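Hello,

As promised, I am passing this structure on to you. Have a look at it first, and then read my notes underneath.

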Amino acid sequence: MGRGRVQLKRIENKISRQVTFSKRRTGLLKKAHEISVLCDADVALIVFSTKGKLFEYSTYSSMESILERYERYSYAEKLLTAPETETQASWTLESSKLKAKIEVLEKNIRHYAGEELEQLNLRDLQNVEQQLETALKRIRTKKNQVMHESISELHKKERTLQERNNSLSKKLKENEKNSEQQNSRLDLPQPHSIPSFGTSSGPIIGAAMREEELAQTHVVSTTVMPLWMIRHINQ
């Protein structure tokens, strides 16, 4: 047979009541964490034991901010439903609440900074210690997350720079290879030009010049006067 439904009433046995409280408290905190992660909801859970010990859970947004949102929402709802004659009294009451809340928050800040601890009893000191430990865990979690993200970003930049370096090295080697090939082509000896005979215009021009010289010599030789004419002119 299956288990019957547990009747909801106060457990009289003190030990059984304490064991049940411990189990149910753990399950309740677990469920609060699950709904905050799965549904991306802001959850604030406050539990006081019969001895007055505080157990709380809140999402990454602090407990104070969630409670402040709750108070603003509930106050807005009251203003919508309250008659106009009670508006001034509500404002006065709300102002007093805000002043008291500010004083409590400032006092808690001083306690978190290690100031004005003389007035606290053992239970208050334990509550402050627990809140500081919870805040420290959140800070360490966030710090580790930021560190991992920074390391991943640095690895990504390193890979990008390495790829650029390899590309530049490849281009540099190609440029050096092309320069060596161009220098080797410039260092090769150039072939000398060999003059051609018989078909060029050089020999023809030389022959024409020799014929002209021979013709001038022939003209000079034909214009020389006879010896008897020279003698007759001299007389």
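**The pockets**

The residues that line the largest pocket sort by class into 21 nonpolar, 13 polar and nine charged. One thing to keep in mind from the start is that this is a predicted model. The lining counts 43 residues, and those nearest the centre of the pocket are E56, S58, M63, Q131 and R138. The volume of this largest pocket comes to about 1400 Å³.

Which elements supply the lining of the largest pocket with at least two residues each? They are α1, β1, β2, α2, α3 and α4, the last of these running over 122-186. Helix α4 gives the largest share, with 12 residues.

The second largest pocket has a volume of about 550 Å³. Its lining is made of 20 residues, and I11, R17, Q18, T20 and F21 are the ones nearest its centre. Here the largest share comes from α1, which provides seven residues. By class, this second lining holds five nonpolar, six polar and nine charged residues.

**The chain as a whole**

If you follow the protein chain along its sequence, you will meet the pattern α-β-β-α-α-α-α-α. That amounts to six helices and two strands. The chain has 235 residues, and 9% of them count as buried. Taking the contacts with a separation of 6 or more, 29% are between residues 24 or more positions apart.

**The nonpolar core**

In soluble globular proteins, nonpolar side chains tend to be buried together. In this model, the largest nonpolar core consists of six residues: A32, V43, L45, V47, F55 and Y57. Two elements, β1 (44-48) and β2 (54-58), each contribute two or more residues to this core.

L45 is a good place to start if you want to look around the core. Leaving out residues up to four places away in sequence, L45 touches L28, L29, A32, F55, E56, Y57 and M63. Among these, A32, F55 and Y57 are fellow members of the core, while E56 and M63 are among the residues nearest the centre of the largest pocket.

F55 also came up in a distance I looked at, this time with T26. The two are 29 residues apart in sequence, and their C-alpha atoms lie 10.0 Å apart in space. T26 sits in helix α1 and is partly exposed, with a relative accessibility of 46%.

**Salt bridges**

There are six salt bridges in the structure, and I would like to walk you through some of them.

Let me begin with E12 and R10, whose side chains meet in a salt bridge at 3.4 Å, N to O. Are these two residues buried or exposed? Both E12 and R10 are exposed.

Another salt bridge joins E34 and K31, with 4.0 Å between the closest N and O atoms. Both residues are in helix α1 (residues 14-38), and because they are three residues apart there, about one helical turn separates them. K31 is exposed, at a relative accessible area of 55%, whereas E34 is partly exposed, at 29%.

The pair I would point you to next is E71 and K101, which form a salt bridge at 3.4 Å, N to O. E71 belongs to helix α2 (residues 63-81) and K101 to helix α3 (residues 87-112), so this pair ties together parts that are 30 residues apart in sequence. As for their surroundings, E71 is partly exposed, with a relative accessible area of 37%. K101 is partly exposed too, with a value of 21%. Buried residues are those under 20%, so K101 at 21% falls on the partly exposed side of that cut-off.

**A histidine in α3**

My last stop is H111, which is also found in helix α3. Its relative accessible area is 7%, so H111 counts as buried. Which residues does H111 contact once its neighbours within four places in sequence are left aside? They are E116, L117, L120 and V128. Of these contacts, V128 falls within the 122-186 range of α4.

I hope these notes help you find your way around. Happy viewing!

Best wishes

Methods
Residues numbered from 1 in each chain as written. Predicted model: local features only at pLDDT ≥ 70, side-chain atom pairs only at ≥ 80, totals over all residues. Heavy atoms only, no water. Core = buried A, V, L, I, M, F, W, Y, C linked by side-chain atoms within 4.5 Å. Buried < 20%, exposed > 50% of the residue type's maximum accessible area, 1.4 Å probe, protein only. Helix = DSSP H or I, 4+ residues; strand = E, 2+ residues; numbered from the N terminus. Contact = heavy atoms within 4.5 Å. 1 Å grid on protein atoms, 1.4 Å probe; cavity = no way out; pocket = protein on both sides within 12 Å on 5 of 7 lines; lining within 4 Å. Points joined across faces, edges and corners; volume = space filled by probe spheres on them. Nonpolar A, V, L, I, M, F, W, Y, C, P; charged D, E, K, R; others polar.
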